[in-house]
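Student: I have a model open and would like to learn how its labels are earned. Could we go through them together?

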There are 2 protein chains.
Amino acid sequence: MSKILRINMDDQSHKWESVPKEYETLAGRAFTSAVVNKEVEPTCHPLREFNKIVISPGLLAGTPAPSSGRLSIGAKSPLTGGIKEANAGGLTGNRLGRLGVRGIIIEGAPPTDTKDWFSIVVGKDSCKIVKTNNYAGIGLYELIGKIWKDYPVKPGIIGCGITGQRLMKCAGVFGNNPENTDPGRYAGRGGLGAVLGSKRIVAVISDPTGGAIPTPKDKARFDKGRTALREALQKHAVTGTLNDDEGNPYGGLKNYGTNILLNILSEGGALPTKGFSSGRFSGAAKISGEAVHELVDKTKAKFGDAAEGRYAHACHPGCVMSCSNVVPYEKTGKAHVSPLEYETVWALGANLNIDSLYDVAEMNRICNDLGLDTIEAGNTLAMFMEGGIIKYGDGAAAIETLKEAYKPNSVIGKIVASGTQSAGEAFGITRIPVVKGQALPAYDPRPIRGIGVTYATTPMGADHTAGYTIAAEVLGIKGTVTDPRDVKKADLSRTFQATTAYLDAVGYCIFIAFAILDIDAGFNGMVDTVNAFLGKEIDVGEYGMAILKNERDFNKRAGFTAADDRLPEFFKTETLPPHNVTFDVTDEELDAVFKGV
Amino acid sequence: MSKILRINMDDQSHKWESVPKEYETLAGRAFTSAVVNKEVEPTCHPLREFNKIVISPGLLAGTPAPSSGRLSIGAKSPLTGGIKEANAGGLTGNRLGRLGVRGIIIEGAPPTDTKDWFSIVVGKDSCKIVKTNNYAGIGLYELIGKIWKDYPVKPGIIGCGITGQRLMKCAGVFGNNPENTDPGRYAGRGGLGAVLGSKRIVAVISDPTGGAIPTPKDKARFDKGRTALREALQKHAVTGTLNDDEGNPYGGLKNYGTNILLNILSEGGALPTKGFSSGRFSGAAKISGEAVHELVDKTKAKFGDAAEGRYAHACHPGCVMSCSNVVPYEKTGKAHVSPLEYETVWALGANLNIDSLYDVAEMNRICNDLGLDTIEAGNTLAMFMEGGIIKYGDGAAAIETLKEAYKPNSVIGKIVASGTQSAGEAFGITRIPVVKGQALPAYDPRPIRGIGVTYATTPMGADHTAGYTIAAEVLGIKGTVTDPRDVKKADLSRTFQATTAYLDAVGYCIFIAFAILDIDAGFNGMVDTVNAFLGKEIDVGEYGMAILKNERDFNKRAGFTAADDRLPEFFKTETLPPHNVTFDVTDEELDAVFKGV
């Protein structure tokens with residue numbers, strides 16, 4: 001039986017609770033959003049004692065369902081002021097799933113004059129809240145190394161870095177890679193690392209000892225479902241195997257990772273470049289997924305077994321898509337950073353007019369070490385460039401600016417970690433690419449309107465993963481591409497948002513979307529795994545909408561209105577080359593997404 | 001006949017319009033708020049082309065009614081995101097009143113790549129929009145000197161300094177002192193200087209040539225009214241003449257200026273000290289109004305006629321209260337800054353734990369030169385101290401930090417001019433004293449609940465002048481002090497807010513409140529002047545509420561909800577020494593202020 005672990009940081013006490021009936025089918029994002037909406041006062045300060053942070057593995061985490069080990073983190077966001085769920089791969093989803101922990105609810109905070117830092121160690125039916133001052137104030141690579149030494153059981157680790165400990169709003173919740181000390185798995189968005197920091201928690205360590213694979217209610221149907229889903233994933237051109245029958249590489253994600261998108265979006269004129277001033281980046285090829293692939297091959301050829309670079313790298317146990325990578329140093333073949341994702345390459349590369357793969361990887365490494373969300377950090381650096389403090393394209397200056405965040409009293413360091421809106425407003429910038437205070441990701445909404453509708457209306461603040469209409473508008477579903485310029489996108493965005501909420505709850509990676517949208521057997525297989533696991537028929541769309549309703553309800557009570565479901569003004573007045581289009585979706589269409597919800 | 005001047009900065013064109021019927025009785029804040037609510041899209045970006053800035057002299061400006069020459073500036077605020085009106089003394093109210101200008105509406109903006117700066121020169125039935133690049137990028141003392149040389153007609157001058165030109169959110173709209181080059185008259189709050197800057201306007205110059213004293217509809221009643229009001233002002237202990245019949249000084253404002261309050265509030269335990277952590281400041285006496293008075297007397301004795309320091313200084317022609325001052329340098333007797341107000345002394349003194357009168361005056365001078373609101377700047381500096389970047393009490397460090405704002409690319413300079421919320425959030429501070437993004441002034445709301453109700457509920461963001469319940473809660477009305485601890489203050493705050501809105505419209509300084517609340521003949525005199533001027537009976541409360549309704553309507557459409565009518569959480573959880581009280585007013589009481597409005 002799953003249980004809920006409730007931790008009170010006022011006095012570092014804890015208790016185990018059974019899962020109440022109303023939460024029986026809820027896990028992952030469904031669980032975190034339900035708990036946050038029910039238990040957190042929406043107008044509370046997000047970085048003080050009344051906020052709570054909720055950790056919940058996806059429903060299927062720890063099971064052999066393919067690519068199902070995601071972990072959700074939820075809280076009131078210090079970046080948006082609204083409800084937040086961010087999820088990631090890594091080890092902790094798997095570990096908590098096998099330990100039978102449905103969720104961890106962390107409430108309260110030590111007195112404000114507390115100097116101590118704590119870590120939470122969760123085991124089979126056990127919890128210890130330990131003083132770990134030696135874990136605080138250090139880089140995350142070093143931290144994970146220490147924890148792996150202190151807990152030599154390959155624990156799942158999540159936590160916050162220096163920036164979260166200092167309550168900076170770009171701080172994400174890191175997770176560890178399955179096999180090395182790279183803190184590269186990020187529930188990055190919304191500043192949730194700062195919420196952990198406000199509770200004086202550095203790390204949550206999940207010791208897998210004594211855990212067991214969760215048992216589905218209907219094992220036969222579950223196994224049939226996961227097999228069908230795995231086959232669909234392996235068959236699909238985006239998520240499939242490394243080589244086709246004739247030995248030609250295909251399987252876009254395995255070869256090029258998510259960064260396969262960089263050249264595609266740039267060619268399509270929708271890659272936000274130089275602070276959302278162009279849709280095409282002349283330096284795209286140099287930092288693309290293809291360039292990473294080539295670098296990995298080159299260092300493998302040169303350094304043989306000593307080479308640490310790779311593509312087709314899995315971010316959590318049981319992932320069959322393996323879209324992650326390890327980017328090597330060209331000169332030594334050793335690991336530089338893992339993973340280097342499309343969003344990161346965009347935020348720290350094209351968005352800053354930087355075309356050096358090394359510089360981008362280096363900034364990614366620094367972000368990982370500091371505990372920063374790369375999307376928010378990249379957009380924040382763009383504000384430094386927009387404000388003329390450093391120059392667009394100057395990688396060395398961007399790296400130095402980012403490094404300032406190590407210093408406890410550096411004003412530059414604080415600003416660079418404080419988020420795009422804070423920095424942009426402080427610098428007098430009037431084209432700040434944020435919705436609900438959260439920075440836009442790597443798809444310009446002017447040429448691709450559906451993703452703009454998602455950015456504007458998701459309760460999460462600008463977020464592509466909240467309703468990834470790109471799948472329909474750029475990549476196509478069943479061979480048909482939805483016209484990206486069409487301005488009627490409320491229905492498309494709503495459908496994607498609801499389905500995504502479902503996926504974020506059951507623990508599947510959203511990249512299974514390509515295969516389940518294109519291959520009916522894959523979709524049915526996915527549904528079978530969930531319903532067989534629960535022993536109950538649940539509807540994908542209804543389940544997803546119920547999550548969104550909780551989130552909208554919280555935001556409404558926090559003071560959000562339709563005025564918050566809008567893109568920044570400049571997207572409506574400044575045209576984007578090369579297609580020279582603006583964001584022409586009406587307010588009415590935006591409001592139609594959640595009409596009556 | 002009054003006219004409206006409409007300026008379009010898209011192409012620097014202008015036209016004169018007659019005052020439409022619906023605006024016939026509206027001037028000052030009533031005019032600016034009506035125009036902003038009617039013409040500005042509430043969700044527009046405050047620092048881009050769709051915002052408008054509206055300038056309007058109070059109804060009686062330019063007439064001989066005592067202390068009636070205030071000038072209102074209105075726009076959507078870049079600091080609060082809501083509607084804003086800020087008003088000040090100085091020369092421009094008088095000048096525009098005599099030129100027959102009811103209001104100036106400035107709309108549009110030059111193309112974003114424009115490098116030019118403009119000034120607007122308003123004369124009798126004339127307007128020129130001139131390129132004045134030599135006015136930009138310099139300190140305001142120098143600017144006013146230049147303008148007085150270029151326009152040797154003692155023009156009214158308002159405008160923005162370096163910080164407004166750089167779109168910083170602490171930037172106020174300065175006005176010139178009547179007789180020197182001190183840019184010390186500030187419509188300071190809400191970042192309206194940045195709105196002027198976004199229109200590429202440095203200065204609005206009002207040439208009085210050819211102007212005339214406005215004629216009341218009923219001159220006899222007007223004269224009777226203003227005489228009664230003047231007598232009440234002169235008779236009252238707060239606003240009265242310099243010496244009583246026996247030669248003892250009384251008249252609090254004339255002797256000690258607004259800064260007479262510093263010792264009173266500190267004694268009462270409600271002077272926010274060291275970042276709102278105490279209500280009593282041990283260094284209060286050293287920076288009090290009494291200390292300024294003494295310094296002026298000392299330098300007068302030492303330097304005779306060469307001494308420039310003074311108290312009982314009038315901020316605009318026709319003010320009989322003369323609460324302003326000129327603070328001298330102790331060593332030379334020359335003018336250091338004018339005026340040094342209570343709010344400024346608090347923000348840059350007690351709030352920062354600084355007890356050096358020189359340091360406080362020096363920071364005031366720097367703020368005046370840069371075009372910064374001192375309340376916002378002082379609170380922003382407190383965030384630097386709260387964040388450990390500089391130390392509480394370190395005047396030299398505070399001065400250096402403030403001076404950074406002169407440098408165009410200094411990150412510290414940008415932050416210090418960007419407002420309390422931006423700075424506080426960037427620094428990870430969780431006790432940021434703002435409402436609707438605007439910093440609190442010099443009365444702690446925990447021991448004095450009525451002013452807290454005003455801070456929370458005024459459409460303006462935290463602002464004591466929006467509903468100065470201190471008059472009732474600290475100073476008393478007709479000898480009776482309303483218990484400051486009483487938590488039922490919705491009615492009190494609403495009454496003060498409505499009356500204030502009326503005063504801000506007709507052009508009277510709010511300090512007449514002491515005399516009109518205590519002396520019925522004064523109140524009736526005031527009403528007589530307004531109604532005689534208009535030739536129409538208007539009701540003080542109804543007229544004021546109509547203004548507030550416009551403002552609330554704008555804010556609602558901009559996305560404000562009841563969640564925005566709240567004080568920061570820490571006022572409800574952290575007790576304030578020495579009385580150790582929290583802000584205990586319920587949300588229901590706050591919502592009762594404008595229930596149904």
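Tutor: Gladly. Let us begin with a term: a residue is called buried if its relative accessible area is under 20%, exposed if it is over 50%, and partly exposed in between. By that rule Tyr342(B) is buried, and Tyr443(B) is buried too. Please keep in mind that this is a predicted model.

Student: What makes Tyr342(B) and Tyr443(B) an aromatic pair that is tilted?

Tutor: Their ring centres are 5.5 Å apart and their planes make 55 degrees. Rings pair if the centres lie within 6.5 Å, and the angle is neither under 30 degrees nor over 60, so the name is tilted. Tyr342(B) sits in helix α10 (residues 342-348) of chain B and Tyr443(B) in the loop between β17 (438-439) and α16 (449-457), so this pair ties together parts 101 residues apart in sequence.

Student: Why is the pair of Phe276(A) and Trp346(A) called edge-to-face?

Tutor: The centres are 5.7 Å apart, and the angle between the planes is 75 degrees. Edge-to-face requires an angle over 60 degrees, so the label follows. The pair ties together parts 70 residues apart in sequence, because Phe276(A) belongs to the loop between α8 (261-267) and α9 (284-287) of chain A while Trp346(A) belongs to helix α11 (residues 342-348).

Student: How do you know whether Phe276(A) and Trp346(A) are buried or exposed?

Tutor: Phe276(A) has a relative accessible area of 1%, so it counts as buried. Trp346(A) has 0%, so it is buried as well. Over all chains the structure holds 24 aromatic pairs. Ring pairs also join Tyr342(A), Tyr443(A), Tyr468(A), Phe511(A) and Phe514(A) into a cluster.

Student: What makes the contact of Glu404(A) and Lys407(A) a salt bridge?

Tutor: The cut-off is 4 Å from a side-chain nitrogen of Lys or Arg to a carboxyl oxygen of Asp or Glu. For Glu404(A) and Lys407(A) the N to O distance is 2.6 Å, so the pair qualifies. Glu404(A) counts as buried because its relative accessibility is 19%, against a limit of under 20%. Lys407(A), at 46%, is partly exposed.

Student: Why is Arg449(B) called buried, and what is its partner Asp584(B) called?

Tutor: Arg449(B) has a relative accessible area of 5%, so it is buried. Asp584(B) has 43% relative accessibility and therefore counts as partly exposed. Their side chains meet in a salt bridge at 3.3 Å, N to O. Arg449(B) is in helix α16 of chain B and Asp584(B) in the loop between α22 (570-573) and α23 (587-592), so the bridge ties together parts 135 residues apart in sequence.

Student: How do you know that Lys52(B) and Glu39(B) form a salt bridge?

Tutor: Their closest N and O atoms are 2.8 Å apart, within the 4 Å cut-off, so the rule accepts them. Lys52(B) is buried at 14%, and Glu39(B) is partly exposed at 24%. By this rule the count is 81 salt bridges over all chains.

Student: What makes His293(B) a buried residue, and what lies around it?

Tutor: Its relative accessible area is 13%, so His293(B) is buried. This residue lies in helix α9 (residues 289-303) of chain B. A polar atom of the His293(B) side chain lies 2.7 Å from the backbone oxygen of Asn255(B). Apart from neighbours within four places in sequence, His293(B) is in contact with Asn255(B), Tyr256(B) and Tyr311(B).

Student: Now the interface. How many residues of chain A and chain B are in contact?

Tutor: There are 38 residues of chain A in contact with 38 of chain B. The two chains bury about 3,000 Å² between them, with 57% of it on carbon and sulfur atoms. Arg48(A), Thr430(A) and Glu569(A) supply 22% of the area that chain A buries against chain B, more than any other three residues.

Student: Why does the pair of Glu569(B) and Arg48(A) count as a salt bridge?

Tutor: The N to O distance is 3.9 Å, which is within 4 Å, so the pair counts. Across this interface the rule finds 6 salt bridges and 10 residue pairs in polar contact.

How values were computed
Residues numbered from 1 in each chain as written. Chains lettered and ligands numbered in written order. Predicted model: local features only at pLDDT ≥ 70, side-chain atom pairs only at ≥ 80, totals over all residues. Heavy atoms only, no water. Contact = heavy atoms within 4.5 Å. Buried area = accessible area lost by both parts, 1.4 Å probe. Polar contact = N/O pair within 3.5 Å; in protein donor to acceptor, adjacent residues only side chain to side chain. Phe/Tyr/Trp six-rings, centres within 6.5 Å; stacked < 30°, edge-to-face > 60°. Helix = DSSP H or I, 4+ residues; strand = E, 2+ residues; numbered from the N terminus. Buried < 20%, exposed > 50% of the residue type's maximum accessible area, 1.4 Å probe, protein only.
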